[in-house]
Structure formats: C-alpha cells, structure tokens
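Here is a short guided tour to read alongside the sequence and the 3D view. Have the model open, and let us walk through it together.

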Amino acid sequence: MSDNVQITINGKTASVTPLTVVATALACEGVTRFRRSVTGEPRTPLCGMGVCFECRVTINGQPNSRSCQVLCEDGMEIVTDE
Ligand code: FES
C-alpha cells in the first residue's frame with residue numbers, strides 16, 4: 001500500500017509524496033506551461049515563494065491559484081494552461 005498522494009494533472013493521474021508542493025509536482029510530471037500571459041506567452045514559476053504569481057494554475061476548480069504555495073492533497077485536480 002502506498003502512502004503517496006494521488007492527484008490529477010490535466011486529466012492524467014500522478015502519484016506524489018505527501019507534502020509535495022503543487023508546482024514541484026507539475027515540474028516533476030514534465031509540465032512546462034503553467035499559464036499563459038495576456039499576449040499568449042507560456043509562463044512558469046519564477047520566485048517559488050508566492051510573490052511573482054507566474055505559477056498560477058487552476059486547483060480543484062479555483063483559477064489563479066499559486067501552485068508554489070499549495071501542497072498536494074489526495075484527489076486534487078490541477079489544470080494548467082497547456
Ligand atoms: S512562483 Fe512566484 S508566486 Fe509562485
């Protein structure tokens with residue numbers, strides 16, 4: 001039995017260790033586009049400490065969530081702007 005946390009990233013299931021930050025989970029799963037700028041350019045985390053807002057994704061239906069500030073929870077659904 002695994003103690004890992006099961007999450008969904010853009011519809012695909014992933015398993016991460018407890019206390020993994022969402023931004024880290026996304027990077028580990030190969031996500032390179034977290035969101036897009038107003039001009040359509042792909043954006044990824046920059047500061048990693050909640051200041052730049054470049055890491056925003058949709059978490060459990062809540063848009064513009066800073067993925068560097070949220071820990072993965074079992075059943076969490078994460079959607080990026082691929
Ligand atoms: S990486 Fe800067 S706010 Fe998340």
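## The sheet

Let us start with the sheet, bearing in mind that this is a predicted model. Five strands form an open sheet in the order β2-β1-β7-β5-β6, and their pairing is mixed. The edges are held by β2 and β6 (62–66), each of which pairs on one side only. From one strand to the next, the twist averages 40°.

In general, the strands of a sheet pair through backbone hydrogen bonds, and they can do so in a parallel or an antiparallel way. Both senses turn up here, as the mixed pairing implies, so it is worth following the strands pair by pair.

## Pairing, strand by strand

Begin at β1 and β2, which run antiparallel and are joined by 5 bridges. Here Val5 stands opposite Val16 in β2, and Thr8 has Thr13 of β2 as its bridge partner. The two strands make a hairpin with 2 residues between them, where Asn10 takes a positive phi near 50°.

Next comes β7 (residues 77–79), which pairs with β1 in the parallel sense over 2 bridges. Thr8 is worth a second look: besides its partner Thr13 in β2, it has a bridge partner in β7, namely Glu77. β7 also pairs with β5, in the antiparallel sense and over 2 bridges. In that pairing, Thr58 has Val79 of β7 as its bridge partner.

## The nonpolar core

Which residues have the most contacts inside the largest nonpolar core? They are Ile7, Val22, Ala25, Leu26 and Ile78, in a core of 16 residues. At least two core residues come from each of β1 (5–9), β2 (12–16), α1 (22–28) and β5 (56–59). The largest share belongs to α1, which supplies 4 residues.

Ile78 is a good residue to click on. Leaving aside residues up to four places away in sequence, Ile78 touches Ile7, Thr8, Ile9, Val22, Leu26, Val57 and Ile59. Two of the names on that list, Val22 and Leu26, fall within the range of α1 (22–28).

## The chain as a whole

Stepping back, the chain has 1 helix and 7 strands. Read from the N terminus, its elements follow the pattern β-β-α-β-β-β-β-β. Of the contacts with a separation of 6 or more, 38% are between residues 24 or more positions apart.

How does the overall size fit the chain length, and what radius of gyration would a compact globule have? For 82 residues the expected value is near 12 Å, and the chain has 12 Å, so the two agree. Taken along the principal axes, the C-alpha atoms fill a box of roughly 45 × 25 × 20 Å. Buried residues account for 26% of the 82 residues.

## A stop at Gly48

One last place to visit is the loop between β4 (42–43) and β5, where Gly48 lies. Is Gly48 buried, exposed or partly exposed? Gly48 counts as partly exposed because 15 other C-beta atoms lie within 10 Å, whereas a buried residue would need 20 or more and an exposed one would have 12 or fewer.

Gly48 also has a partner in space to look for. Its C-alpha atom is separated by 5.5 Å from that of Cys68, although the two residues are 20 residues apart along the chain.

Note on methods: Residues are numbered from 1 along each chain as its sequence is written. This is a predicted model: local features need pLDDT of at least 70, side-chain atom pairs count only at pLDDT 80 or more; totals for chains, interfaces and linings use all residues. A nonpolar core is a set of buried Ala, Val, Leu, Ile, Met, Phe, Trp, Tyr and Cys residues joined through C-beta atoms within 7 Å. Two residues are in contact if their C-beta atoms, placed from the backbone, lie within 7 Å. Two strands pair if DSSP finds at least two bridges between them. Axes are lines fitted to C-alpha atoms, for helices over the stretch in contact, and angles run from 0 to 180 degrees between N-to-C directions. The radius of gyration is taken over C-alpha atoms; the globule rule is 2.2 Å times the number of residues to the power 0.38.
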